[in-house]
Amino acid sequence: MTKIKTDTVKSITRDFIGRDLDPGREHQLSDNLSLLIKSIDKATERLPFESEPIGFTSILEKYAEEK
């Protein structure tokens with residue numbers, strides 16, 4: 001499983017928001033982003049490469065219902 005590092009979350013937050021996160025928040029965001037990437041990877045296994053982007057959302061919604 002892809003794991004987003006907390007240092008990456010900290011760095012991106014500084015770049016986009018211009019400040020640091022509250023203490024411990026980077027761990028929560030790291031876990032949430034890692035779960036999102038895992039879900040996207042799982043959904044794309046069922047999605048043909050040539051599919052329209054609109055089809056991707058419906059696959060993600062179906063996968064979310066299965067959880």
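## Asp-20 and Arg-14

Asp-20 is partly exposed, with a relative accessibility of 48%. In this predicted model, Asp-20 pairs with Arg-14 in a salt bridge, and their closest N and O atoms lie 2.6 Å apart. Arg-14 also counts as partly exposed, at a relative accessible area of 43%.

## The second salt bridge

How many salt bridges does the structure hold? There are 2. Besides the pair just described, Asp-31 forms a salt bridge with Lys-3, again with 2.6 Å between the closest N and O atoms. This pair links distant parts of the chain: Asp-31 sits in helix H2 (residues 25-44), while Lys-3 belongs to the segment before H1, and 28 residues separate them.

Are these two partners buried, partly exposed or exposed? Asp-31 is partly exposed, with 44% relative accessibility, and Lys-3 is partly exposed too, with 48%. Both values fall between the 20% that bounds the buried class and the 50% above which a residue is called exposed, which is why neither residue gets one of those labels.

## Leu-35 and the start of the chain

Helix H2 also holds Leu-35, which is partly exposed at 48% relative accessibility. If you are looking at how H2 sits against the beginning of the chain, here is a handy pair to select: Leu-35 and Thr-2 are 33 residues apart in sequence, and their C-alpha atoms are 8.5 Å apart in space.

## Helix H1: a buried threonine and a nonpolar patch

Helix H1 offers a nice contrast between two of its residues. Thr-13 is located in H1 and is buried, because its relative accessibility of 9% is under the 20% cut-off. Beyond its neighbours within four places in sequence, Thr-13 is in contact with Gly-18, Arg-19 and Leu-21.

Ile-17 also has its place in H1, which covers residues 6-17. Ile-17 is exposed, because its relative accessible area is 54% and the exposed class begins over 50%. Which residues form a nonpolar patch on the surface with Ile-17? They are Ile-12 and Phe-16, and the three together have about 360 Å² of accessible area.

## The overall fold

Stepping back to the whole protein, the secondary structure consists of 3 helices and 0 strands. Along the sequence, this reads as the pattern α-α-α. Of contacts between residues at least 6 apart in sequence, 40% join residues at least 24 apart.

What share of the 67 residues is buried? Buried residues account for 16%, and Thr-13 is one of them. The accessible surface of the protein is about 5500 Å², and carbon and sulfur atoms contribute 56% of that surface.

## How far to trust the model

The mean pLDDT is 82, and 82% of the residues reach 70 or more. Where is confidence highest, and where is it lowest? Confidence peaks in H1, at a mean of 91, and is lowest in helix H3 (residues 53-66), at a mean of 72.

A friendly word of caution follows. Where pLDDT is low, the predicted coordinates should not be read in detail. Among the features above, the buried Thr-13 and the exposed Ile-17 both lie in H1, the helix with the highest confidence.

Methods
Residues are numbered from 1 along each chain as its sequence is written. This is a predicted model: local features need pLDDT of at least 70, side-chain atom pairs count only at pLDDT 80 or more; totals for chains, interfaces and linings use all residues. Side-chain values use heavy atoms; hydrogens and water are left out. Patches are made of residues with over 30% relative accessible area and no salt bridge: like charges are joined within 9 Å, nonpolar side chains (Val, Leu, Ile, Met, Phe, Trp, Tyr) within 5 Å. Accessible areas come from the Shrake-Rupley method with a 1.4 Å probe; for residues, only the protein chains shown count as cover. A salt bridge is a side-chain nitrogen of Lys or Arg within 4 Å of a carboxyl oxygen of Asp or Glu. Helices (H or I, at least four residues) and strands (E, at least two) are DSSP runs, numbered from the N terminus. Buried means under 20% relative accessible area, exposed over 50%, partly exposed in between (1.4 Å probe, protein chains only). Contact means heavy atoms within 4.5 Å. pLDDT is the predictor's confidence in each residue, from 0 to 100.
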